[in-house]
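Let us walk through this protein together, one feature at a time. Keep the structure open beside the text and turn it as we go.

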Amino acid sequence: MAINTDNARAIAVQSFFEGMLQADDSVITKVMTYHSDDVASLRLAALTGIPDPGTWAAGDDLTSATLDSTGANTLAYDAYGVSVDLLPFDLRDVPNLLSMAAQKLGRSVVSKRANLAFATIAAVFTDTVADTKAVCASDHTTAGGTDRSNLGSSALDMSAFQAAVTAIRGWQNYQNQVMDWADQPKFLIIPPALEQTARQILGSPYQLTTVTTSGSPSQGLINTSGLYNTQIVINPYASDNNDWMLVADPSFGNPLHFWDRAPVKFEAIVQDQDSLKTKLRVTWASKAQSGPQPDGIWGASVS
């Protein structure tokens, strides 16, 4: 029999841990309103607020305004966890196995939390707020009995983006008060398939228009789309390649929430007394959910 690597020839094996690239869960605190209340459940109540003050004649009683609630969204946490068991002789046989496993566990946790956040963001066309309508809907109710819409259907392009800006300039809250958030810091959340389109919309300095006279050249107008304090956020978990949305910065207010009932906790148990395994454990409890009011978001559900 010939001498080969199956018998006498020595070989060297280098291990490779898949999935060691770092995921990104900054969306949790960057785009969503973050909560860390250690309670059994978290209720987000929608208060009616206070209407515009009316005229008042000196000496007369002031008009009374009372607070009420139009409903609430209740967040019930989910617990997450995993134990990675490492055999004692595997730790001897595979160089750096413990450190690589710990790094991979951390990256897996980040990936899961990012997935929870982006899944909630993508579901704004189906998840409901306090008025029982979808987060982005055409018939949200107001105190004045009129409907207000934060739902579009146009594919993302420069005209559709500008139409969305126009819509959020005239957005009315529950009291029919205009809440213009077009110039507030905001995020254009898109799937990877729309990244090039989004960057062209916000980054192109000119918008070309064609003069109708035969033989005349195209003319360039300034593209104002990049002037609205908008940052692109790409949802790498998106399953729909067409839907997109504008979301106000949490400091202004939006209906996207992420709640950590219990923060992420990593533990290393060096040698279980019975199995002699080294165990890497992680646990946490959280919930990503929308509500209770549809202010600060506008979305296009594109068929």
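A polar contact is a pair of N or O atoms within 3.5 Å; within protein, one must be able to donate a hydrogen and the other to accept it. With that in hand, and bearing in mind that this is a predicted model, we can start at Q293. The side chains of Q293 and R148 are joined by a polar contact of 3.5 Å. You will find Q293 in the loop between β14 (278-290) and β15 (297-300). Is this residue buried or exposed? Its relative accessible area is 15%, and because buried means under 20%, Q293 counts as buried. Beyond its neighbours within four places in sequence, Q293 is in contact with A46, L47, T70, V129, R148, Y174 and P255.

R148 leads us to another residue, D139. Not counting residues up to four places away in sequence, D139 touches K133, D147 and R148. D139 sits in the loop between α3 (97-122) and β5 (140-141), and with a relative accessible area of 29% it is partly exposed. The side chain of D139 also makes a polar contact with the side chain of K133, at 3.4 Å. If you would like a distance to check on screen, take D139 and N150: they are eleven residues apart in sequence, and their C-alpha atoms are 8.5 Å apart in space.

Now let us step back to the whole chain. The protein has 303 residues, of which 36% count as buried, and its secondary structure comes to five helices and 15 strands. How do contacts spread along the sequence? Among contacts between residues at least 6 apart in sequence, 75% join residues at least 24 apart. On the outside, the accessible surface comes to about 17,200 Å², and 51% of this belongs to carbon and sulfur atoms.

Charged pairs come next. Side chains of opposite charge can pair when their charged atoms come close. How many salt bridges does the structure hold? There are nine salt bridges in the structure, and three pairs are worth a visit here.

One of them joins D38 and R261, with the closest N and O atoms 2.4 Å apart. This pair links distant parts of the chain: D38 is in the loop between β1 (33-35) and β2 (41-47), while R261 is in strand β13 (residues 256-269), 223 residues apart. The two partners fall into separate accessibility classes: D38 counts as exposed at 57% relative accessibility, and R261 counts as partly exposed at 23%.

Another salt bridge brings together the side chains of K287 and D78, at 3.4 Å from N to O. Distant parts of the chain are linked here too, with K287 in strand β14 and D78 in strand β4 (residues 78-86), 209 residues apart. K287 is partly exposed, with a relative accessible area of 23%, and D78 is also partly exposed, at 33%.

For a pair with a shorter separation in sequence, look at R169 and D183, which form a salt bridge with their closest N and O atoms 3.1 Å apart. R169 lies in helix α4 (residues 158-169) and D183 in the loop between α4 and β8 (186-190), so the pair ties together parts that are 14 residues apart in sequence. R169 is partly exposed at 30% relative accessibility, and D183 is partly exposed at 44%. This bridge has company, too: R169, D180 and D183 are linked in a network of salt bridges.

Helix α4 also takes us into the interior. In soluble globular proteins, nonpolar side chains tend to be buried together. The largest nonpolar core here has 23 residues, and those with the most contacts inside it are I190 and W244. Two or more residues of this core come from each of α4, β8, α5 (195-203), β12 (244-248) and β15. Which element gives the largest share? That is α4, with five residues.

To see the surroundings of I190, leave aside residues up to four places away in sequence: I190 then touches L156, E195, A198, I232, V233, I234, N235 and W244. A second, separate core has 22 residues, including V27, V129, F187 and V247. V129 brings us back to where we began, as one of the residues in contact with Q293.

Notes. Residues numbered from 1 in each chain as written. Predicted model: local features only at pLDDT ≥ 70, side-chain atom pairs only at ≥ 80, totals over all residues. Heavy atoms only, no water. Helix = DSSP H or I, 4+ residues; strand = E, 2+ residues; numbered from the N terminus. Buried < 20%, exposed > 50% of the residue type's maximum accessible area, 1.4 Å probe, protein only. Contact = heavy atoms within 4.5 Å. Salt bridge = Lys/Arg side-chain N within 4 Å of Asp/Glu carboxyl O. Core = buried A, V, L, I, M, F, W, Y, C linked by side-chain atoms within 4.5 Å. Areas by Shrake-Rupley, 256 points an atom, 1.4 Å probe, with all protein chains shown as cover.
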